[in-house]
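Please work through the following exercises with the sequence and the structure at hand. Each task is followed by a solution in steps.

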Amino acid sequence: MDIRPAGTAPTLLRHYQSIFGKCFPEAAHLNEHYLAWLYASNPAGPVIGLDAWDGDRLAAHYACIPVSAVVDGQSCRVMLSLNTATDPDYQGQGLFTKLAEGTYAAGSAAGMAGIYGVANANSTPGFLRKLGFNLIRPLDAKIGLGTLLPDAAASALEEVQFRRNWDLPSLQWRCNNPHRSYHLSRAGSAGMIALAPTGKPFLSAFAQLPETVEGAAVGAGGGAHACIWGWCRPRWGNPRGAGASYPIACAAAH
């Protein structure tokens, strides 16, 4: 088995689309166009990951993307663990663990301060048992109306050890997601809010930034929105075992 770095060439993206189609036939959005946006257009940098090849056949793929974050008040670059797939014909050979561990070593060598992920119920045990992730907590999903009060938003921001650091290029990139449309609007003293469809009638996924990002093109915040709020207050810690010199965190989605 030949282990190679993941990449962004069109031929590679077509291979990734093919293996995702085999492993996750319901995830039609994991196509070449979406992966080019996710892996190649990210202003924080291209995909960091590894592929396992059996000749000219892609046997497994694991990918993270770099993002900017604030950890304990300090700005740094970390990796977001995203896509993993093993061709059904090659499952049970330990490729997931091998590719993931190699990816984390590559990220550490590239100066990444850590890695985090939001895993579903099926994936969480593997990240904890095989890769030494720390389970922070399940994500809380709450339904509300309108924005958070400024004092509540400021208090939540002070409590977290970890948060994404959104600047204008990263916001523009996120809003160009070919699979999901986003809407940005100002919320007065509450800063700026981002809304995205959930597929549920009258409900939008909601994010509130503490202040307006300079230069961002946003609309007026007219009216209240019915929103789903996702909460997570990560606490960072060291992974199990040797070989990783940076903290690893994992939040589990219901």
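The exercises below concern a predicted model and treat a helix, a buried tyrosine and a set of salt bridges in turn.

**Exercise 1. The helix α1**

Task: Determine whether the end-to-end distance of helix α1 agrees or disagrees with its number of residues, and establish where its buried residues lie.

Solution.
1. Helix α1 covers residues 10–23, which makes 14 residues.
2. The expected span is 1.5 Å times one less than the number of residues, and for α1 this gives 20 Å.
3. The end C-alpha atoms of α1 are 20 Å apart, in agreement with the expectation.
4. The residues of α1 that count as buried are L12, L13, Y16, I19 and F20.
5. Viewed down the helix axis, these buried residues fall within an arc of 125°, and therefore they line one face of α1.
6. A general rule is relevant here: an α-helix has 3.6 residues a turn, so residues three or four places apart point the same way.
7. The partners against which the buried residues of α1 pack are helix α2 (32–40) and the strands β2 (48–54), β3 (57–71) and β4 (74–86).

**Exercise 2. The surroundings of Y104**

Task: Classify Y104 as buried or exposed, and identify the side chain that it meets in a polar contact.

Solution.
1. Y104 belongs to helix α3, residues 95–109.
2. Its relative accessible area is 5%; buried means under 20%, so Y104 is buried.
3. The side chain of Y104 makes a polar contact of 2.7 Å with that of Y62.
4. Y104 and C64 are separated by 40 residues in sequence, while their C-alpha atoms are 9.0 Å apart in space.

**Exercise 3. Salt bridges**

Task: State how many salt bridges the whole structure holds, and describe the pairs R14–E32, D87–K22 and D89–R57.

Solution.
1. A search of the whole structure yields five salt bridges.
2. One of them joins R14 and E32, at 3.4 Å from N to O. This pair connects helix α1, which holds R14, to helix α2, which holds E32, across 18 residues.
3. D87 and K22 form a salt bridge of 3.0 Å, N to O. D87 sits in the loop between β4 and α3, whereas K22 is in helix α1, 65 residues apart.
4. D87 is buried at 2% relative accessible area, whereas K22 is partly exposed at 43%.
5. In the pair D89 and R57, the closest N and O atoms are 2.6 Å apart. D89 lies in the loop between β4 and α3 and R57 in strand β3, 32 residues apart.
6. D89 is exposed at 54% relative accessibility, and R57 is partly exposed at 31%.
7. K22, R57, D87 and D89 are linked in a network of salt bridges.

Notes
Residues are numbered from 1 along each chain as its sequence is written. This is a predicted model: local features need pLDDT of at least 70, side-chain atom pairs count only at pLDDT 80 or more; totals for chains, interfaces and linings use all residues. Side-chain values use heavy atoms; hydrogens and water are left out. Helices (H or I, at least four residues) and strands (E, at least two) are DSSP runs, numbered from the N terminus. Buried means under 20% relative accessible area, exposed over 50%, partly exposed in between (1.4 Å probe, protein chains only). The arc is that of the directions from the helix axis to the C-beta atoms. Contact means heavy atoms within 4.5 Å. A polar contact is a pair of N or O atoms within 3.5 Å; within protein, one must be able to donate a hydrogen and the other to accept it, and residues adjacent in sequence count only if both atoms are side-chain atoms. A salt bridge is a side-chain nitrogen of Lys or Arg within 4 Å of a carboxyl oxygen of Asp or Glu.
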